[in-house]
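Hi,

Here is the structure I promised to pass on. Have a look at it first, and then read my notes below.

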Amino acid sequence: MIYLDYNATTPLSPEVFETMQPYLAHHFGNPSSIHSAGREARAAIDDARDRLARLLGAKSHEIIFTGGGTESDNLGVIGLARASEAKGRHVITSATEHHAVLHAFEFLEKKEGFHVTWLPVDQLGRIDLQQLADALTPETTLVSVMSANNETGTIQPVSQIGALCRERGVLFHSDAIQSFGKEPIPAGVCDAISLTAHKFHGPKGAGVLYLRAGLPLERLQFGGSHENQRRPGTENVAAIAGLAKAAELALSTMDSERPRQSALRDRLWDGIRQAFPAAIMNGDTEARLANTLNVSFPGLDGESLLINLDLAGICASSGSACMVGSIMPSHVLMAMGVSPALAKATVRFSLGKETTVTEIETTISRLPEIFARLADSAE
C-alpha cells in the first residue's frame with residue numbers, strides 16, 4: 001500500500017506509542033483522584049501541558065486539552081463568541097474553512113442570532129486583507145481564519161491577520177490543525193489556536209485549544225471542573241502524553257521534512273502532468289504546505305479515479321476526510337471559482353514523513369494505466 005493521504009490522518013509514531021503505553025497498561029488512575037495512582041496520572045498531564053506550552057511559546061494555563069480538532073474548533077469559535085457578545089455579535093470567517101469551523105459559525109448565525117461575514121477567497125484560496133479590514137466593525141468580536149487549508153494546502157497570511165485584529169481590538173482564532181508541524185505558528189499573533197494530535201503522528205481523540213491568558217471562554221459542555229473549568233470530562237491521560245511527544249517530534253523534523261516533501265510533491269505533479277497533460281493544480285503554488293497536492297482531472301469522475309487508485313494500491317482522497325460519503329463538490333474549490341464538474345473530478349494527494357522516492361515513482365508508473373482504463377470506460 002502506498003499511503004498518500006496524510007492530511008486525513010497519520011500513522012502513530014513508535015516513539016509516541018512507547019510514551020503512551022505506561023498510561024494504557026499500568027498508570028491508569030483517574031487524574032482527579034487524590035491518591036497516588038491519581039497523582040501519577042495528573043503528573044503526566046501536567047508534564048504534557050508544560051512541554052506543549054514551551055513548544056507554542058505559551059504559558060501552561062493557556063493550554064486546554066480537548067477530545068480532538070473538531071471540539072477545539074467548536075470551543076474556540078462558539079466559546080469565544082458567546083463570551084464576548086456583550087461587546088458585539090458580529091463575527092467573521094472565510095469561505096474555505098474546515099466544516100468544524102464553518103458549521104460552528106452557521107450555528108451562531110442560525111441558532112443564536114449572530115451576524116456572520118463570510119469572507120470570499122481568490123482563485124488561489126487566499127483571503128484579501130483589505131476585505132477583512134473593511135468587514136471589521138465596532139461590533140466585531142471574533143475572526144477565525146485557518147492557517148493552511150486541509151484540501152489545497154494554501155497558506156493564509158496569519159501574521160497580518162493577527163496584527164490587524166489586534167490593532168482593532170478583535171479576537172483572532174486560527175485552525176492550525178493542518179499546518180502544525182509543517183509550518184511555523186507565528187508566536188503572539190493568535191488569541192486562540194486549534195490543534196489535533198492525529199495530524200502529526202499522535203493518537204486520535206486528543207486535541208488542544210491554546211487560549212491567550214485572560215480571555216473569557218464560555219464552556220460548551222457541563223460536568224466537572226476539569227481544564228480549569230473550561231472543558232469538563234476525565235482526561236485521556238495516555239492520549240495527552242502521546243500528543244505532547246508527537247508535537248515535539250513534529251517540530252524537531254519540520255525544517256528537514258519541508259524541503260524533502262516539497263521535492264517529492266513536485267515530482268508527483270510532474271509525473272501526473274506527463275500522464276494526464278490536462279491536469280490542473282489547485283491552490284497557491286507558492287504559499288502552500290510542502291506536502292499537499294490538489295489536482296483536478298477534466299473529463300474524469302473523481303470517485304472512479306479514487307477507486308482505481310485504491311485498486312492500484314494508492315491511498316488518496318477527494319478532500320476532507322470528514323466528508324466521507326458526500327457527493328457534493330468541495331466547498332473549498334467552489335469558493336475558489338472551480339466549476340462543480342471540475343471540483344468533482346479532483347483528487348488530493350498528501351505526503352508525510354514516511355513517504356519515499358520509491359513510492360512516488362511507483363505511483364507515477366501506475367498512473368498511465370489508470371487513466372487509460374478510465375478513458376475506456378467513459379467511451
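A good place to start is helix 8 (residues 237–275), which lies across strand 9, strand 10 and strand 12. The helix runs at about 15° to strand 10. Before going on, please keep in mind that this is a predicted model.

Now for the strands under that heading. Strands 9, 10 and 12 form an open sheet in the order 9-10-12, with antiparallel pairing. Strand 9 (280–282) and strand 12 (346–350) are the edge strands; each has a single partner strand, so one side of each is left without a neighbour in the sheet. On average, neighbouring strands here are turned by 30° against each other, if you ignore direction. Between strand 9 and strand 10 (residues 292–296) there are three bridges. If you want a spot to click on, Ile280 stands opposite Ser296 in strand 10.

Just after that sheet's edge strand, take a look at Gly352, which sits in the loop between strand 12 and helix 12 (357–378). Is Gly352 buried or exposed? Its relative accessibility is 4%, so Gly352 counts as buried; the cut-off for buried is under 20%. Leaving aside residues up to four places away in sequence, Gly352 touches Tyr6, Glu257, Arg260 and Gln261. Phe200 is 152 residues away from Gly352 along the chain, yet their C-alpha atoms are separated by 9.1 Å.

Next, strand 3 (residues 90–94). Five of its five residues are buried, so to speak of it as mostly covered is fair. In a regular strand, side chains alternate between the two faces of the sheet. In strand 3, His90, Ile92 and Ser94 point one way, while Val91 and Thr93 point the other way. Which strand does strand 3 pair with? The partner is strand 4 (residues 115–119), in the parallel sense and over five bridges. One pair to look up is Thr93 with its bridge partner in strand 4, Trp118.

Last, something on the surface. Leu12, Phe17 and Leu24 form a nonpolar patch there, and together they have about 280 Å² of accessible area. Leu24 belongs to helix 1 (residues 14–25). With a relative accessible area of 55%, Leu24 is exposed, because the cut-off for exposed is over 50%.

That's it from me. Write back if anything is unclear.

Cheers

Key: Residues numbered from 1 in each chain as written. Predicted model: local features only at pLDDT ≥ 70, side-chain atom pairs only at ≥ 80, totals over all residues. Heavy atoms only, no water. Pairing = 2+ DSSP bridges. Helix = DSSP H or I, 4+ residues; strand = E, 2+ residues; numbered from the N terminus. Axes fitted to C-alpha atoms, helices over the stretch in contact; angles between N-to-C directions. Contact = heavy atoms within 4.5 Å. Patch = residues over 30% accessible without salt bridge, like charges linked within 9 Å, V, L, I, M, F, W, Y side chains within 5 Å. Areas by Shrake-Rupley, 256 points an atom, 1.4 Å probe, with all protein chains shown as cover. Salt bridge = Lys/Arg side-chain N within 4 Å of Asp/Glu carboxyl O. Buried < 20%, exposed > 50% of the residue type's maximum accessible area, 1.4 Å probe, protein only.
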